[in-house]
Amino acid sequence: MSETAPDHVAVEAAGDGVLHLVLDRPAKKNALTRAMYARLADALAEAADDADVRVVVLSGRGGVFTGGNDLGDFMEEPPTGPDSPVFRFLSAAVGFPKPLVAAVAGPAIGIGTTVLLHCDLAYAAADAVFKMPFVDLGLVPEAASSLLLPRLAGPARAAELLLFGESFTAETAREIGLINAVVGGDVVGHAVERAQALAQKPPAALRQTKALLRRASADEVGETIAHEGRLFVERLGSPEAAEAFTAFFEKRAPDFSAFE
């Protein structure tokens with residue numbers, strides 16, 4: 001199966017039981033729209049039910065993973081609850097029963113970083129750059145990153161990454177356990193090869209092992225995503241977020257001096 005749709009998500013058969021989902025909007029740094037989130041959610045749901053798909057790889061076209069949300073599209077119809085496309089995608093990624101492998105090149109901004117917390121394996125090119133600028137946008141973290149990142153990186157490092165929202169390198173991402181390895185050369189090819197190797201293993205044993213690895217934190221992750229989501233939606237309507245987004249579109253520095 002190979003399909004490139006107007007929603008800018010390519011769905012490609014990579015062979016040997018591997019499905020490849022490609023963010024395909026390189027002219028906009030693969031910035032995610034509502035249509036892209038909806039297609040990703042649907043594609044993961046279809047892959048979960050397709051016995052011929054044993055592993056899914058997620059990557060971006062043009063040497064870029066994703067620049068995060070397309071803010072214009074995002075604010076045209078902001079998410080309001082669990083049925084919104086962005087939350088549908090998160091739910092599909094978190095609940096995906098088969099191995100999910102990420103290949104990261106270039107920017108991985110916002111959800112481009114936090115979704116890696118729900119991938120079973122992640123590989124990054126040396127030029128990959130990670131960033132979670134939620135606070136800078138007047139928002140709060142999502143994807144259970146407020147729970148999982150401290151467990152992964154430790155409370156001090158997680159606080160630094162989430163409160164400052166500064167960029168960090170592929171090597172730092174490897175050091176804190178967000179990715180498995182920094183790959184020289186073709187990171188997408190490497191991820192697909194690793195996915196194909198997984199796809200040769202007993203499928204039921206693979207699924208059950210993934211479920212066991214995530215079992216202990218499953219309830220907490222679900223509860224945290226729901227709680228973060230409620231705060232995230234609330235923050236989208238806040239004066240701080242309004243200033244942050246207005247400043248972004250006006251290409252100026254935001255001014256939060258009037259806020260308490």
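How are helix 1 and helix 3 oriented to each other? This tour of a predicted model begins with that pair.

**Helix 1 and helix 3**

Select residues 34-49 for helix 1 and residues 85-94 for helix 3. Their axes come within 8 Å and cross at roughly 30 degrees. Angles under 35 degrees count as roughly parallel, and helix 1 and helix 3 are therefore roughly parallel to each other. Their crossing is left-handed.

Next, show the side chains where the two helices meet. From helix 1, pick R34, Y37, A38, L40, A41, D42 and L44. From helix 3, pick P85, V86, R88, F89, A92 and A93. Sorted by type, the residues of this contact are 10 nonpolar, no polar and 3 charged.

**The largest nonpolar core**

Keep L44 and F89 on display and add L21, V56, L116 and F130. These six touch the most other members of the largest nonpolar core, which has 63 residues. Helix 1 gives the most to this core, with 7 residues. In general, nonpolar side chains in soluble globular proteins tend to be buried together.

Now centre on L21. Leaving out residues up to four places away in sequence, L21 touches A10, V11, L40, A43, L44, V56, V57, L58 and S59. For a second core, separate from the largest one, select V18, V55, V101 and A195; they are among its 17 residues.

**Helix 5**

Move to residues 145-153, which form helix 5. Which residues of helix 5 are buried? They are S145, L147, L148 and L149. To see what these residues pack against, colour helix 4 (111-114), helix 6 (155-164) and helix 10. Then step to G154, which follows helix 5 and has a positive phi, near 95 degrees.

**I225 in helix 10**

Finish in helix 10, residues 218-236, and select I225 within it. Is I225 buried or exposed? Its relative accessibility is 17%. Buried means under 20%, so I225 counts as buried. Apart from residues up to four places away in sequence, I225 touches V94, A143 and A144. Of these contacts, show V94 together with helix 3, whose range is residues 85-94.

As a last step, draw a C-alpha to C-alpha distance from I225 to P150. The two residues are 75 residues apart in sequence and 15 Å apart in space.

Definitions and conventions:
Residues numbered from 1 in each chain as written. Predicted model: local features only at pLDDT ≥ 70, side-chain atom pairs only at ≥ 80, totals over all residues. Heavy atoms only, no water. Core = buried A, V, L, I, M, F, W, Y, C linked by side-chain atoms within 4.5 Å. Buried < 20%, exposed > 50% of the residue type's maximum accessible area, 1.4 Å probe, protein only. Helix = DSSP H or I, 4+ residues; strand = E, 2+ residues; numbered from the N terminus. Contact = heavy atoms within 4.5 Å. Axes fitted to C-alpha atoms, helices over the stretch in contact; angles between N-to-C directions. Parallel < 35°, antiparallel > 145°, perpendicular 65-115°, else oblique. Left-handed = near helix turned anticlockwise from the far one by under 90°. Nonpolar A, V, L, I, M, F, W, Y, C, P; charged D, E, K, R; others polar.
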